[in-house]
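Here is a short briefing to read alongside the sequence and the 3D view. Please keep both open as you go.

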Amino acid sequence: NEKEIKHKHKPSLLQKKDYFEIMSGSYGNSKLDKNIILKKGKIYLFTGAVGIGKSSFLSNFVRWQEEYFNKIWYSQTSPIIFSDTIINNIRLNQNISDQKIIELLNLHHFPKTICNRLYEEVNFNTLSGGEKQRVAIASALLSNKKILIFDEPTSGLDYVNMIELSRLIEQIAKNDVVIFIITHDYEFLCQISDEVLYFDKEGIKERIEVNEENKNRILELMS
């Protein structure tokens, strides 16, 4: 039955003091040929050819980690926005006071386009792409999750909003979490990431530290 199939293919996620380890195995139609160690406080960029299965791999990884589901936060390319106030979209039914949310936004220097509109009624169509991403990041900060996954967060953003998004994600990384980002945005990658994980149909083909020496190799892989 479906439960047995899910259990049969369910890989493991191990948590250690300073890192998480994703075990090799099948994730739906995607494979991971070897274990991945992810250090806390680091930002990992997950990239590869279009259609190779990056998003599928990560969405299946999230769904199958039942034991750790309350530790994983996943944001889609275009985050879901409910017809409600901005502050309630940030809170997402968590029992957290308005004051704590406001303090968190001020601490991380969220822009006035969010902070001055917290009690404004919004929906999916009334917020820009950058505003949706900021709401999603505020929710991630509030959630205290330990693994945060962003799927193509710069899609549709201009350069100014990309830089602002980079700053906010870097702030989250200081909270001793692991951040996974799927992206084909080379500028964003160089701006924010510690390491690139290049994915092909068999799993992680290369791991490349982001520095000046390796930027040409990274650009080659993304071309």
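The notes below cover the sheets, a packed helix, the largest pocket and some aromatic contacts.

This is a predicted model. Two open sheets are described here, one of six strands and one of three. The largest pocket has a volume of about 540 Å³, and strand β7 belongs both to the six-stranded sheet and to the elements that line this pocket.

**The six-stranded sheet**

- Reading across this open sheet, the strand order is β7-β10-β11-β6-β12-β13, and the pairing is mixed.
- β7 (72–75) and β13 (203–209) are the edge strands; each has a single partner strand, so one side of each lacks a neighbour in the sheet.
- From one strand to the next, the twist averages 20 degrees.
- Helix α6 (residues 129–143) packs on this sheet, where it touches β7 and β10 (147–151). The direction of α6 makes about 175 degrees with that of β7.

**The β12–β13 hairpin**

- Strand β12 (residues 195–200) runs antiparallel to β13, and six bridges join them.
- The two strands make a hairpin, with two residues between them.
- Across this pairing, Phe-199 stands opposite Ile-204, while Asp-200 faces Gly-203.

**The three-stranded sheet**

- The second open sheet has the order β1-β2-β5, with antiparallel pairing.
- Its edges are β1 (13–15) and β5 (36–39); each has a single partner strand, so one side of each is left without a neighbour in the sheet.
- Here the twist averages 20 degrees from one strand to the next.
- β1 and β2 (residues 19–22) pair over three bridges in the antiparallel sense. Gln-15 has Phe-20 in β2 as its bridge partner.

**The largest pocket**

- Which residues lie nearest the centre of the largest pocket? They are Trp-73, Tyr-74, Ser-75, Leu-92 and Ser-139, out of 21 residues in the lining.
- β7, α3 (86–91) and α6 each contribute at least two lining residues.
- Helix α6 thus appears twice in this briefing: α6 helps to line the pocket and packs on the six-stranded sheet.

**Aromatic contacts**

- With ring centres within 6.5 Å as the cut-off for a pair, the count is four aromatic pairs.
- Tyr-44, Phe-46, Phe-180 and Phe-199 form one aromatic cluster. Phe-199 is also the residue opposite Ile-204 in β13.
- If you are looking for a cation over a ring, Lys-132 lies over the face of Phe-124, at 3.4 Å from the ring centre.

Technical notes: Residues numbered from 1 in each chain as written. Predicted model: local features only at pLDDT ≥ 70, side-chain atom pairs only at ≥ 80, totals over all residues. Heavy atoms only, no water. Phe/Tyr/Trp six-rings, centres within 6.5 Å; stacked < 30°, edge-to-face > 60°. Lys NZ or Arg CZ within 6 Å of the ring centre and 35° of its normal. Pairing = 2+ DSSP bridges. Helix = DSSP H or I, 4+ residues; strand = E, 2+ residues; numbered from the N terminus. Axes fitted to C-alpha atoms, helices over the stretch in contact; angles between N-to-C directions. Contact = heavy atoms within 4.5 Å. 1 Å grid on protein atoms, 1.4 Å probe; cavity = no way out; pocket = protein on both sides within 12 Å on 5 of 7 lines; lining within 4 Å. Points joined across faces, edges and corners; volume = space filled by probe spheres on them.
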